[in-house]
Amino acid sequence: ETVQITVPPGCKGGQQIRLRMPAGNLVDIILPNSAYPGQKLSLDVRTNKPVARHGSPALSSDSIPYALETAPQGKGDSSVPWQYFRGRPYIPVGLGLRPALTGQPPPKRTGRKRAVLIGLNYPGSRAPLKGCINDVMKMKGFLQRHGYVDSPESMLTLTDDQRDPIYLPSRQNIINAMQWLVEGAEPGDSLFFSFQWPRGTGNG
């Protein structure tokens with residue numbers, strides 16, 4: 001089976017990535033050693049070898065929702081854009097208590113900032129709203145004025161007026177977004193989470 005892909009940002013030759021196929025199944029491939037970000041490739045998923053571009057691909061590059069990077073990130077690495085992030089299955093854990101550290105100096109700021117903003121207006125319902133997504137946009141502007149960058153690597157906005165399903169505030173997307181927010185975090189990083197919905201507002 002042949003697929004056409006565009007090498008995702010941050011990926012390089014010899015790196016393993018995971019592709020979502022049209023049928024919904026996931027296929028792991030290893031990029032050729034000469035691959036570079038943005039390069040368009042045609043690969044045989046069975047042999048993991050490049051093939052002629054004029055073949056009949058099972059998946060065109062513009063129909064791939066996203067390629068999921070599976071290579072481990074370095075400690076504190078915040079370079080994985082949301083559309084390439086692969087969340088882990090959610091497993092509830094038991095509640096526990098740990099004594100808080102007191103009398104310790106605050107960690108030195110690293111300068112790394114990351115934010116997740118979520119807003120639900122429930123469009124199409126019997127009582128759709130406008131204020132929640134508007135609050136998200138205002139919060140985004142506030143964060144940008146305080147050093148946060150609106151980029152795929154550092155800020156994620158999930159609202160229910162989006163057309164792209166990976167930016168809708170579904171249960172799974174919200175779980176993945178919270179994992180993305182803390183992925184590779186270190187003491188001194190600035191992480192911000194905001195949830196705007198009709199029953200209340202949560203910021204942290």
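Biologist: Let's start in the loop between β7 and α1, where Tyr 122 is found. What makes the phi of Tyr 122 worth a remark?

Modeller: Happy to start there, and please keep in mind that this is a predicted model. Phi of Tyr 122 is near 50°, a positive value in a residue other than glycine. Most residues other than glycine have a negative phi.

Biologist: Is Tyr 122 buried, partly exposed or exposed, and how do you know?

Modeller: Its relative accessible area is 36%. Buried would need under 20% and exposed over 50%, so Tyr 122 counts as partly exposed.

Biologist: Asn 121 lies in that loop too, between β7 (113-119) and α1 (131-145). Why is Asn 121 put in its accessibility class?

Modeller: Asn 121 has 8% relative accessibility. The limit for buried is under 20%, so Asn 121 counts as buried.

Biologist: And what does the side chain of Asn 121 do with Ile 133?

Modeller: A polar atom of the Asn 121 side chain lies 3.3 Å from the backbone nitrogen of Ile 133. A polar contact needs a pair of N or O atoms within 3.5 Å, and 3.3 Å fits that limit. Leaving aside neighbours within four places in sequence, Asn 121 is also in contact with other residues, including Pro 128, Gly 131 and Asp 160.

Biologist: Let's move to charges. How many salt bridges are there?

Modeller: The structure holds three.

Biologist: What makes Arg 112 and Glu 186 a salt bridge?

Modeller: The distance between their side chains, N to O, is 2.5 Å. The cut-off is 4 Å between a side-chain nitrogen of Lys or Arg and a carboxyl oxygen of Asp or Glu, so the pair of Arg 112 and Glu 186 qualifies. Arg 112 lies in the loop between β6 (67-69) and β7, and Glu 186 in the loop between α2 (171-182) and β9 (190-197), so the pair ties together parts that are 74 residues apart in sequence.

Biologist: Which accessibility class do Arg 112 and Glu 186 fall into?

Modeller: Arg 112 has a relative accessible area of 27%, and Glu 186 has 24% relative accessibility. The buried class stops at 20% and the exposed class begins over 50%, so Arg 112 is partly exposed, and Glu 186 counts as partly exposed too.

Biologist: What makes Arg 112, Glu 186 and Asp 189 a network?

Modeller: Salt bridges link the three residues. Besides its bridge to Glu 186, Arg 112 meets Asp 189 at 3.2 Å, N to O. That second pair links distant parts of the chain, 77 residues apart, with Asp 189 in the loop between α2 and β9. Asp 189 has a relative accessible area of 18%, under the limit of 20%, so Asp 189 is buried.

Biologist: How do you know that Asp 150 and Lys 140 form a salt bridge?

Modeller: Their side chains meet at 3.7 Å, N to O, which is within the 4 Å limit. Asp 150 sits in the loop between α1 and β8 (155-159) and Lys 140 in helix α1, 10 residues apart. At 41% relative accessibility Asp 150 counts as partly exposed, whereas Lys 140, at 14%, counts as buried.

Biologist: What puts Arg 114 over the face of Trp 180?

Modeller: Arg 114 lies 4.5 Å from the ring centre, and the limit is 6 Å, together with an angle within 35 degrees of the ring normal. As for aromatic pairs, the structure holds zero.

Biologist: Now strand β4 (residues 40-44): what makes you call it mostly covered?

Modeller: Four of its five residues are buried. Strand β1 (residues 2-6) pairs with β4 in the antiparallel sense over five bridges, and pairing needs at least two. Across this pair, Val 3 stands opposite Leu 43 in β4.

Biologist: Just past β1, why is Val 7 assigned its accessibility class?

Modeller: Val 7, in the loop between β1 and β2 (16-20), has a relative accessible area of 2%, so with a limit of 20% Val 7 is buried. Leaving aside neighbours within four places in sequence, its contacts include Leu 31, Tyr 36 and Leu 41.

Biologist: And how much of the whole chain counts as buried?

Modeller: Of its 204 residues, 37% do. The chain has two helices and 10 strands.

Technical notes: Residues numbered from 1 in each chain as written. Predicted model: local features only at pLDDT ≥ 70, side-chain atom pairs only at ≥ 80, totals over all residues. Heavy atoms only, no water. Phe/Tyr/Trp six-rings, centres within 6.5 Å; stacked < 30°, edge-to-face > 60°. Buried < 20%, exposed > 50% of the residue type's maximum accessible area, 1.4 Å probe, protein only. Polar contact = N/O pair within 3.5 Å; in protein donor to acceptor, adjacent residues only side chain to side chain. Contact = heavy atoms within 4.5 Å.
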